[in-house]
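Visitor: I should like to learn how to read a protein model one feature at a time. May we begin?

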Amino acid sequence: MAQDSSRPEFWDSRYRDHVTPWDKGESPAGLVAFARTLPPGTRVLVPGCGTGHEAVFLARAGLDVLALDFSAAAVQAARETAGPFAHRIVQADFFDFDVGTGFDVFYERAFLCALPRHLWPAYATRAAQVLRAGGCLAGFWFFDDNDRGPPFGTSNPGLQALLGTGFRQECDEPVTDSLPIFEGRERWQVWRLTTAAALPST
């Protein structure tokens, strides 16, 4: 169980031991530029929020942010980071939390690549469920053909196969400020929801 990245215990140990090479400690340039295009009050979901730096940045930008992590240690660290926005950080499982009225933006940052590949189809289905009509899945995607992880890499054809039935790719740009663990293997992409899934009842 301790070596299964689909379990919170896997991540608890890493946050408690401060072994977090995926944690930039600040918001990457792609997110900063994207946030400028969003109107105040845009509802944004940040799943697998880790220490919460990007969620806090988005909240300070005037967006309606909900950040999730199923690791208690990550949530504790994120709430310490968040200050007055600590109430925006929730310990919950992305696959079964209360979506409420849905989100305009799903921000992806090292979340898909943290999940074992057998969970990726469920990720795609859930992404469509949590978004409002016309919403988007925007963020950073890790490209690699490694068999072991995390991080588990994908490819452009792989993402098209995963997301193409419910989303349309609108943006694909290189990333110039990646962390060493992702350097040269990341792209910023935006995928627009085209087929809305029924939101779960609340």
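Visitor: Where is Ala110 found?

Guide: Ala110 lies in the loop that runs between β4 and α5. Names of this kind refer to DSSP runs, numbered from the N terminus: helices are H or I runs of at least four residues, and strands are E runs of at least two. Although Ala110 is not a glycine, its phi is positive, about 60 degrees. This is a predicted model, in which local features need pLDDT of at least 70 and side-chain atom pairs count only at pLDDT 80 or more, while totals for chains, interfaces and linings use all residues. Residues are numbered from 1 along each chain as its sequence is written, and side-chain values use heavy atoms, with hydrogens and water left out.

Visitor: How does one read the sheet, and in what order do its strands stand?

Guide: Two strands count as paired if DSSP finds at least two bridges between them. Here 7 strands make an open sheet with mixed pairing, and their order is β3-β2-β1-β4-β5-β7-β6. The edges are held by β3 (89-91) and β6 (167-174); each has a single partner strand, so one side of each is left without a neighbour in the sheet. From one strand to the next, the twist averages 20 degrees.

Visitor: In which sense do β6 and β7 pair?

Guide: Strand β7 (residues 186-193) and β6 pair in the antiparallel sense, over 7 bridges. Opposite Arg192 in β7 stands Arg168.

Visitor: Which strands does helix α3 touch?

Guide: Contact is taken as heavy atoms within 4.5 Å. Helix α3 (residues 53-60) packs on the sheet and touches β1 (43-46), β2 (64-69), β3 and β4 (103-109). Its direction makes about 170 degrees with that of β2; axes are lines fitted to C-alpha atoms, for helices over the stretch in contact, and angles between N-to-C directions run from 0 to 180 degrees. Helix α5 (residues 120-130) packs on the sheet as well, touching β1, β4, β5 (131-142), β6 and β7. The direction of α5 makes about 140 degrees with that of β5.

Visitor: Which residues of α3 are buried?

Guide: Buried means under 20% relative accessible area, exposed over 50%, and partly exposed in between, with a 1.4 Å probe and protein chains only. In α3, the buried residues are Glu54, Ala55, Val56, Leu58 and Ala59. Their cover includes α2, β1, β2, α4, β3 and β4. Just after α3, Gly62 adopts a positive phi of about 90 degrees.

Visitor: Are the faces of β1 covered or open?

Guide: Both faces of β1 are covered: Arg43 and Leu45 are buried on one side, and Val44 and Val46 on the other. β1 pairs with β2 in the parallel sense over 4 bridges, and the bridge partner of Val44 in β2 is Val65.

Visitor: How does one describe two helices that pack together?

Guide: Two packed helices are described by the angle between their axes and by the distance between those axes. In this model, the axes of α1 and α4 come within 7 Å and cross at roughly 45 degrees. Angles under 35 degrees count as roughly parallel, over 145 as roughly antiparallel, 65 to 115 as roughly perpendicular, and the rest as oblique; α1 and α4 are therefore oblique to each other. Asp12, Tyr15 and Arg16 in α1 meet Ala72, Ala73 and Ala74 in α4. The buried residues of α1 (residues 8-16) are Phe10, Trp11, Asp12 and Tyr15, and they pack against α4 (72-82).

Visitor: How many residues has the largest nonpolar core?

Guide: Such a core is a set of buried Ala, Val, Leu, Ile, Met, Phe, Trp, Tyr and Cys residues joined through side-chain atoms within 4.5 Å. The largest one has 30 residues, and Phe97 and Phe106 have the most contacts inside it. Two or more residues come from each of β2, β4, α5, β5, α6 (156-163) and β7, with α5 giving the most, 6 residues. Apart from this core lies another, of 28 residues, among them Val65, Val75, Ala82 and Ile89.

Visitor: Why does Cys136 form no bond with the closest cysteine sulfur?

Guide: A disulfide is a pair of cysteine sulfur atoms within 2.5 Å. The sulfur of Cys136 is 10 Å from the closest cysteine sulfur, in Cys171, which is too far for a bond. By this rule, the count is 0 disulfides. Cys136 is buried, at 2% relative accessibility, and Cys171 is buried with a relative accessible area of 18%.
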